[in-house]
Amino acid sequence: MRIVILGAPGVGKGTQGDRLAERCGIPKFATGDILREAVRNDTPLGREAKRYMDEGELVPDAVVLDLVRDALGSPSAHGFILDGFPRTVTQAEGLQALLAEHGIELNAVLYLDAPEQELIRRVAGRRVCVACGAVYNVSLDPSAAGEVCEQCGGRLETREDDEAGTVRNRLRVYRESTAPLLQWYANSPTPFYELEAVGSVDDVYRRLLTVVDCS
Ligand code: AP5
């Protein structure tokens, strides 16, 4: 399976992508995670990306396309899930060209949709484990271990770009730069599924499994 998960900040792309990757036994590549790791490691890519991420702006297309090309390696060898990429029509065209080099195509684009109020509520409550990257939500999906990660005991912290002002800008950037991709994919031959991402994590996952079959 070669799948793209699209949707606004906080809609649950990472949460659902992790579940699906585990079920299908394929890797998930999240450009946001890769960029945050580069920032933590203070690499040249991380230093360049940080100034965009801190403002809630998109990292330039050329930088992200290089990063995805490296991360995917030889995409024909296995399936994959892309979370948070592509995010612009230019990125989608770049992905299409990259896959065409390997003679393959996407199997599905899954668009997760939820009202903006719910996105803001989810992002405001998000906490991430500094040690293993597990994601929780203080009000909607808390760690069973309370203030620390239930998987590894690591400290939980708020993502820097989840500050309210940055989130407002991320939502604006999403509407302006990423939302046009929905029509682009809807007009393409790639199977495009629009899924309501409201309700619990389990509810959304069940909906997703009605369109993805990796058995
Ligand atoms: P990125 O990390 O991709 O951020 P995003 O797209 O804004 O998405 P989020 O990670 O905020 O949300 P999500 O949809 O994964 O939700 P999650 O599952 O965590 O990108 C960050 C930055 O990197 C960008 O702003 C940009 O600067 C740069 N970047 C990344 N990719 C780029 C690209 N391709 N091009 C250019 N720049 C790029 O869930 C959110 C919260 O809600 C969690 O707390 C979770 O526990 C909870 N939750 C999830 N589902 C549910 C549910 N059903 N019910 C209740 N709670 C739920």
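A pocket, as used here, is an open set of grid points with protein on both sides within 12 Å along at least five of seven lines, and its lining residues have an atom within 4 Å of a point. The model in these exercises is predicted.

**Exercise 1. Describe the second largest pocket: its space, its lining and the helices that supply it.**

Step 1. Start with the space. The second largest pocket holds about 180 Å³.

Step 2. Turn to the lining. It consists of 13 residues. Nearest the centre of this pocket lie Q96, L99, E105, L106 and T190.

Step 3. Assign the lining to helices. α5 (89-101) and α8 (180-186) each give at least two residues. The largest contribution is that of α5, with four residues.

Step 4. Sort the lining by class. Nine residues are nonpolar, three are polar and one is charged.

**Exercise 2. Work out which residues come nearest the ligand, and which elements supply its shell.**

Step 1. Use the cut-off: a residue counts as near when one of its heavy atoms lies within 4 Å. The shell then has 34 residues, and T15, E57, R87, R126 and R170 come nearest.

Step 2. Map the shell onto secondary structure. At least two residues each come from α1 (13-24), α2 (31-40), β6 (135-137) and α9 (201-209). α2 has the largest share, four residues.

Step 3. Split the shell by class. There are 14 nonpolar, eleven polar and nine charged residues.

**Exercise 3. Find the polar contacts that G10, T31 and N137 make with the ligand, then state how much of the ligand is covered.**

Step 1. Take the backbone first. A polar backbone atom of G10 sits 2.9 Å from a ligand oxygen.

Step 2. Go on to side chains. In T31, a polar side-chain atom is 2.7 Å from a nitrogen of the ligand. In N137, a side-chain N or O atom is 3.0 Å from a ligand oxygen.

Step 3. Add the cover. On its own the ligand has 1,000 Å² of accessible area, and the protein covers 96% of this.

**Exercise 4. Derive the strand order of the sheet that contains β5, and explain why β6 and β7 each have a side without a neighbour.**

Step 1. Pair β5 with β6. Strand β5 covers residues 126-129, and three bridges link it to β6 in antiparallel fashion. V128 has V135 of β6 as its bridge partner.

Step 2. Look at the connection. β5 and β6 make a hairpin with five residues between them. In the turn, G133 has a positive phi of about 85°.

Step 3. Pair β5 with β7. β7 spans residues 156-157, and two bridges join it to β5, again antiparallel. Opposite C129 stands L156 of β7.

Step 4. Combine the pairs. The result is an open sheet of three strands, ordered β6-β5-β7, with antiparallel pairing. β6 and β7 are at the edges and have a single partner strand each, so one side of each lacks a neighbour in the sheet.

**Exercise 5. Locate the cis peptide bond at P86 and the positive phi of D42, and give the loop that holds each residue.**

Step 1. Check omega. It is about -5° for the bond between F85 and P86, a cis peptide bond. P86 belongs to the loop between β3 (80-83) and α5.

Step 2. Check phi. D42 is a residue other than glycine, yet its phi is positive, near 55°. The loop between α2 and α3 (44-53) holds D42.

Terms used. Residues numbered from 1 in each chain as written. Predicted model: local features only at pLDDT ≥ 70, side-chain atom pairs only at ≥ 80, totals over all residues. Heavy atoms only, no water. Polar contact = N/O pair within 3.5 Å; in protein donor to acceptor, adjacent residues only side chain to side chain. Areas by Shrake-Rupley, 256 points an atom, 1.4 Å probe, with all protein chains shown as cover. Nonpolar A, V, L, I, M, F, W, Y, C, P; charged D, E, K, R; others polar. 1 Å grid on protein atoms, 1.4 Å probe; cavity = no way out; pocket = protein on both sides within 12 Å on 5 of 7 lines; lining within 4 Å. Points joined across faces, edges and corners; volume = space filled by probe spheres on them. Pairing = 2+ DSSP bridges.
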